[in-house]
Amino acid sequence: MQASRVRRKVAPAANDGDSSDKLDQLLLSSAICNAEDLVPFVRKAFASGKPETLLHNLRHFGRSKESEIEEVCKAHYQDFIMAVDDLRSLLSDVDSLKSSLSHSNELLQSVAGPLISSLDSFVEAQNVSRNVSLALDSVQICIRLMELCSRANFHLSSNNFYMALKCVDAIESGFLEKTPSSTLRKMLEKQIPAIRSHIEKRVSKEFGDWLVEIRIVSRNLGQVAIGQASSARQREEELRMKQRQAEEQSRLSLRDCVYALEEDDEDDIVAGAAGDDANDKYSNGGSALLGFDLTPLYRAYHIQQTLGLEDRFKQYYFENRKLQLTSDYQVSSMTPFLESHQTFFAQIAGFFIVEDRILRTGGGLISKYEVETLWEAAVSKMCSVLEDQFSRMQTANHLLLIKDYVSLLSVTLRRYGYPVDALLDVLSKHNDKYHELLLYDCQKFIAEALAADKFEQMLMKKEYEYSMNMLSFQLQTSDITPAFPYIAPFSSTVPDCCRIVRSFIEDSVSFMTYGGQLDFYDVVKKNLERLLNEVLDGELVKLINTSVNGVSQAMQVAANMAVLERACDFFFRHAAQLSGIPLRMAERGRKQFLLKNARDAAEGMLSGLLKAKGDGFMMLTENVNWMVDEAPQNGNEYVNEVILYLETLVSTAQQILPVQVLKRVLEDVLSHISGTIVGVLAGDSVKRFNINAIMGIDVDVRMLESFTENLSDLFTDEDANQLKSALAEARQLLNLLLSNNPETFLNPVIRERSYNMLDYRKVVTVSEKLRDPSDRIFGSFGGRALKQNTRKKSLDALVKRLKELS
């Protein structure tokens with residue numbers, strides 16, 4: 001900017017004077033020429049009081065520039081004159097050009113007039129053509145629009161809402177802005193939202209109807225699905241039963257029995273059960289047997305997707321189904337759970353079968369996470385309901401019915417991928433309670449069966465009775481079918497108790513099966529042992545102690561116990577078979593006879609009654625002459641009666657009692673007789689006796705020993721020897737009294753070998769009662785007097801030594 005303002009610098013004129021005025025003038029001129037600030041000069045002039053000098057200098061500078069201005073003006077004037085001359089020359093050229101243009105315009109007007117008229121006609125025709133084309137385009141648009149509107153109306157009347165929406169979308173996107181008619185456009189703008197709203201309402205209504213219908217369908221669906229699981233389980237049980245029969249036949253080495261285990265084709269069964277019309281009725285979203293129609297749901301979902309309301313519909317669907325499931329949870333307090341549990345669980349099963357199908361075929365209508373959330377809530381509620389209902393139940397059969405149905409529910413839903421471990425855990429948690437209730441029920445049934453027993457051998461008139469009461473429990477002792485009518489060695493209470501125990505085993509296995517626990521034989525075995533040891537054994541002992549009167553009844557109960565001992569083997573084998581355990585493993589872990597207390601009580605009762613009867617005959621020892629002159633050769637009267645009684649007993653008992661039971665009873669009775677003989681000799685009723693009386697008692701004991709030896713046809717030699725050893729106490733005492741050297745009793749080795757049954761106190765008591773014949777109490781023994789005196793002295797010495805030792 002400063003450079004543009006710089007003017008030509010004029011050097012101040014040289015002057016010979018050196019006065020200050022000249023200097024000031026030069027400086028002022030120089031500042032003006034250089035466009036410098038004049039303020040210092042003005043301030044100096046006023047400060048010195050000489051402003052006139054400054055004015056003078058300024059006037060002098062102005063006069064010095066007038067000549068320069070004049071020269072510049074002269075130069076510019078010449079140029080102006082030349083420009084004026086040029087303008088005058090140009091004016092003449094313009095006039096000639098004007099005349100030329102005027103002439104050309106006249107020629108152009110004369111030639112272009114007709115052309116302009118033709119051009120106007122063309123433009124007018126072109127406008128008309130354009131208007132006609134626009135009209136035709138508008139008509140075509142209207143025609144296509146009307147076709148779409150007509151098609152939309154047709155689809156609406158046919159309830160084909162998806163196609164109607166596609167038509168409406170086509171109208172809105174392709175024709176709404178292009179519609180030439182404002183009236184038509186306004187109508188479309190009004191009707192398109194109304195149509196969409198109408199379709200949404202119709203679809204929502206259909207979806208609502210489907211929600212109502214699917215609840216009923218779900219219940220029926222759940223019942224059918226659980227019924228299928230039940231049928232499959234029944235077929236499996238039948239196959240297992242055939243397999244067990246084959247294994248049993250193989251175990252019994254019956255080679256002529258061949259079993260072919262054939263499994264029915266499940267598809268054929270399903271197809272047969274479904275019928276021919278199932279596929280026609282449910283063509284969308286359902287199988288032949290488990291058919292259910294999801295068309296309204298998928299249709300509503302598709303329409304909502306088309307309307308752009310997919311997320312809202314998903315949420316709406318999930319919330320409604322969740323409310324339905326919550327409603328299904330409700331357990332009616334007016335109806336017993338035993339009656340309503342099938343409907344309760346079938347409703348939930350059907351619900352999740354439907355949800356599984358929708359998850360797999362619904363195109364994202366519901367997510368896996370949402371289904372899992374619903375299932376977790378359902379499992380939690382079902383577990384809560386089961387816990388509450390199980391805690392109230394006091395009948396084992398009710399618990400079993402519900403458990404069976406819940407296990408079928410678990411099997412059904414596991415096929416669809418739902419985890420059911422929580423439900424199975426609830427069932428397993430109530431194993432103990434179920435078995436307690438089952439034991440209580442069986443105790444009542446056993447008590448009733450025992451109370452109804454008449455203690456009579458069971459008569460079987462037909463083969464089916466034999467099969468039902470003996471073969472079914474493997475109570476037979478021979479594979480040969482007997483002739484009918486057949487009298488069993490047991491009373492009717494045995495098969496009744498066997499049926500109760502078998503039912504207990506089957507119910508126990510049924511409760512444990514499909515309960516989430518694979519190896520449950522130990523649990524079944526433990527509870528079976530409790531049933532036999534605590535319940536059946538206790539009830540039998542109670543029956544024996546309160547209801548058995550007479551030898552025949554006691555004998556029948558003892559015979560029953562022997563049969564029940566064989567039945568116990570069958571019980572454990574049956575439990576092992578039902579539990580899928582090899583029989584060798586079941587036999588390996590078996591305990592001793594669990595009805596031992598009842599068996600001992602029965603045999604003890606029988607032995608007690610027989611002893612009491614025998615005591616009646618032993619009372620005849622009062623008739624024995626203890627100071628007899630000659631030893632009786634045929635025994636005393638009492639022993640003949642006892643032997644006759646024992647023979648009668650054996651003859652009767654061997655028809656009903658097993659050999660080992662009879663052997664134990666006889667052994668106990670003979671031991672009692674032996675003890676009674678010793679007791680008579682040591683008792684207060686006998687004050688004294690001679691050696692002849694002892695020899696008579698020896699004959700009696702020999703007769704009893706001969707009786708046991710005569711039973712060799714019935715017993716083995718070992719058993720016969722054991723029966724004979726039951727008389728050991730009396731035999732050893734008699735041997736000691738008749739011994740020539742009774743002091744050998746003091747030898748520990750000989751005593752342990754020959755007199756181990758004798759009590760030295762009894763020996764002392766009996767020996768003191770023996771009288772010497774020199775007292776003429778024992779009568780005359782002829783030439784044996786010296787020998788007997790020697791035996792007496794030895795006995796006296798023995799008694800003296802025993803008294804010293806005591």
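Let's start with Leu723, which sits in helix α25, a stretch covering residues 717–725. Keep in mind that you're looking at a predicted model. Is Leu723 buried or exposed? Leu723 has a relative accessible area of 0%, so it counts as buried, the cut-off being under 20%. Who are its partners? Setting aside residues up to four places away in sequence, Leu723 touches Lys663, Leu666, Glu667, Leu670, Thr708, Leu711 and Phe715. There's also a nice distance to look up in the viewer: the C-alpha atoms of Leu723 and Arg664 are 8.4 Å apart, although 59 residues separate the two along the chain.

Now hop over to Asp328. You'll find this residue in helix α10, which covers residues 310–328. Asp328 has a relative accessible area of 7%, and because that is under 20%, it is buried. Which side chain does the side chain of Asp328 make a polar contact with? The partner is the side chain of Arg215, at 2.5 Å. Arg215 also turns up in the list of residues in contact with Asp328, together with Phe344, Gln347 and Phe351, once neighbours within four places in sequence are left aside.

Next, the surface. Tyr77, Phe80 and Ile81 make a nonpolar patch there of about 320 Å². Ile81 belongs to helix α4, which takes in residues 51–157. With 33% relative accessibility, Ile81 falls between the 20% and 50% cut-offs, so it is called partly exposed.

What about cysteines? A disulfide is a covalent bond between the sulfur atoms of two cysteines. How many disulfides does the structure hold? The count is 0. Two cysteines to look up are Cys149, which is buried at 16% relative accessibility, and Cys442, buried as well with a relative accessible area of 4%.

Here are the accessibility values side by side:

| Residue | Relative accessible area | Class |
|---|---|---|
| Leu723 | 0% | buried |
| Cys442 | 4% | buried |
| Asp328 | 7% | buried |
| Cys149 | 16% | buried |
| Ile81 | 33% | partly exposed |

Finally, zoom out to the whole chain. It has 29 helices and 2 strands. Of its 806 residues, 39% are buried. If you take the contacts with a separation of 6 or more, 76% of them are between residues 24 or more positions apart. As for the outside, the chain exposes about 45,000 Å², and carbon and sulfur atoms supply 52% of that area.

How values were computed: Residues are numbered from 1 along each chain as its sequence is written. This is a predicted model: local features need pLDDT of at least 70, side-chain atom pairs count only at pLDDT 80 or more; totals for chains, interfaces and linings use all residues. Side-chain values use heavy atoms; hydrogens and water are left out. Helices (H or I, at least four residues) and strands (E, at least two) are DSSP runs, numbered from the N terminus. Buried means under 20% relative accessible area, exposed over 50%, partly exposed in between (1.4 Å probe, protein chains only). A polar contact is a pair of N or O atoms within 3.5 Å; within protein, one must be able to donate a hydrogen and the other to accept it, and residues adjacent in sequence count only if both atoms are side-chain atoms. Contact means heavy atoms within 4.5 Å. Patches are made of residues with over 30% relative accessible area and no salt bridge: like charges are joined within 9 Å, nonpolar side chains (Val, Leu, Ile, Met, Phe, Trp, Tyr) within 5 Å. Accessible areas come from the Shrake-Rupley method with a 1.4 Å probe; for residues, only the protein chains shown count as cover. A salt bridge is a side-chain nitrogen of Lys or Arg within 4 Å of a carboxyl oxygen of Asp or Glu. A disulfide is a pair of cysteine sulfur atoms within 2.5 Å.
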